[in-house]
Amino acid sequence: MRVVTLSEPDDFDTWRDAARGLAAEQVPPDDVIWQVGDQPTDLFAGEGNGRPPAPAASPGFSVPRAFLDLARSVILSNEPQRFALLYTLLTRLRLERGLMEDRADPLMKRLDVIAKQVRRDIHKMRAFLRFREVEDGGDKRFVAWFEPDHHIVRANAAFFVNRFAIMRWSILTPEVSIHWDGKALTEGPGATKADAPDGDPVEEVWKTYYASIFNPARVKVGAMLKEMPRKYWKNMPETALVPQLLAGAQAREVRMIETARAQDHHGGIGGNSQIAWDALREEAMGCTRCPLYKPATQTVFGEGPVDAPLMFVGEQPGDQEDLAGRPFVGPAGQVFDRALAEAGVDRSRVYVTNAVKHFKFEQRGKRRIHDKPGTGEIDACRWWIEQEQMLIKPQVTVALGATAARSLFGKTMTIGRERGREMQLPGGGAAWITVHPSYLLRLPDKAQAEEEYARFVAELRMAHATLA
Ligand code: URA
């Protein structure tokens, strides 16, 4: 039996080095005991010297990047089996190429669920942590208490350092505390809630936290309360203000975005809008507005410059987009890229997104077959596209296909009748409707496919030409 001792429950580096060494020696998963610190996780954990095996001189095989990404998330989980499960996956990868893409495999499924729980916990800490101000030797210091479900505090530290770079703060949790003095991050033992100050969270800090403009979870109070487990409520005195928040929510949201855009115009494009967009994307990563988030790998948010004059809206991510986390990178994306280039449109200058942000599919054996989103899913997801539109304010929006058109216009649009002419969106702004690139891929007749493709390119060119 081999015993590997990790220094902390989230000690990814030691796990990786040990796993590499063990895999190179072809040590079977059942012969390894993983333990954290001097806490044996198994009856036999006293055996062996507890040191991880040295990393193999020649590891013999390389693992896909997706494995390392998955492992980095799973290690942060509170699942006691996580080290062993990951090591089992690593040993199987040697023989089973393509295992990472096999979403039907029970081990992959289990690890995906664990990774998703960790991502949600990371998101919750970012969204729901509240700082209180304390006097500290005549100086201000900000202290927050948080109870994560998983071992995410260290992994989340860089986020808080970035957001609150100029403040001095501490985040206290039961397992560990982290402290930022404006220059360096230090770590201390866990704490109790009694160690953290009580009282109102600091409004100014809120503003820094959310870049003074934007926090959808806070503004959309209904969504916030739905998402927020009760255990966070007690740390958030503003939950007592729900009625007032509800009353002004939509108007405030619009004002905040307007302010961000106005500031951009004074301070250069990309400043606050970029921060607002980052916050929005971050929020979307934890979206549970409809059940599609459950089987999907991740939210696929839009991408492109926040000052893009042209926005394209597709239907939903496909299999490849779901794995890559980026819109239009699969077969339909290739048709789209080619057509954009022929229409003289630079993809890096436009914003590309989808009406529905999670991949809807039907599992058939190992394959995930695209399933069309329903109106309930389109309507649930419209919230995100409205935020993207408010933030980016494109001069022209192009709906690629019926799902996008339904999302943007709020009703069913007949593509054949509405395509190829300039229209107005219900909320203002010029829009065009054209076909979805995957429709072009499905046409069996070669001549018709070529004709339809040429028409698609022509419509992209016309939409582009309407830019001021
Ligand atoms: N189809 C879409 O509508 N969007 C994508 O991102 C990929 C395929």
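Two exercises with worked solutions follow.

This is a predicted model, in which local features need pLDDT of at least 70, side-chain atom pairs count only at pLDDT 80 or more, and totals for chains, interfaces and linings use all residues. Residues are numbered from 1 along each chain as its sequence is written, and side-chain values use heavy atoms, without hydrogens and water.

**Exercise 1.** Describe the surroundings of the ligand and find its polar contacts.

*Solution.*
- Step 1: List the residues near the ligand (a heavy atom within 4 Å). They are G314, E315, Q316, P317, G318, E321, P327, F328, N354 and H436.
- Step 2: Look for polar contacts (a pair of N or O atoms within 3.5 Å). A backbone N or O atom of Q316 is 3.0 Å from a ligand nitrogen. For F328, a backbone N or O atom lies 2.8 Å from a ligand oxygen. N354 places a polar side-chain atom 2.7 Å from a ligand nitrogen.
- Step 3: Check the cover. On its own the ligand has 230 Å² of accessible area (Shrake-Rupley method, 1.4 Å probe). The protein covers 93% of that.

**Exercise 2.** Locate F328 and K393, and state whether each is buried, partly exposed or exposed.

*Solution.*
- Step 1: Note the backbone. Most residues other than glycine have a negative phi. Phi of F328 is positive, near 50 degrees. Phi of K393 is also positive, near 45 degrees.
- Step 2: Place them, with helices (H or I, at least four residues) and strands (E, at least two) taken as DSSP runs numbered from the N terminus. F328 is in the loop between helix 12 (319–324) and helix 13 (331–342). K393 is in the loop between helix 14 (375–392) and strand 12 (396–400).
- Step 3: Apply the cut-offs: buried is under 20% relative accessible area, exposed over 50%, partly exposed in between (1.4 Å probe, protein chains only). F328, at 5%, is buried. K393, at 41%, is partly exposed.

Definitions and conventions: A residue is near a molecule or strand if one of its heavy atoms lies within 4 Å of it. A polar contact is a pair of N or O atoms within 3.5 Å; within protein, one must be able to donate a hydrogen and the other to accept it, and residues adjacent in sequence count only if both atoms are side-chain atoms.
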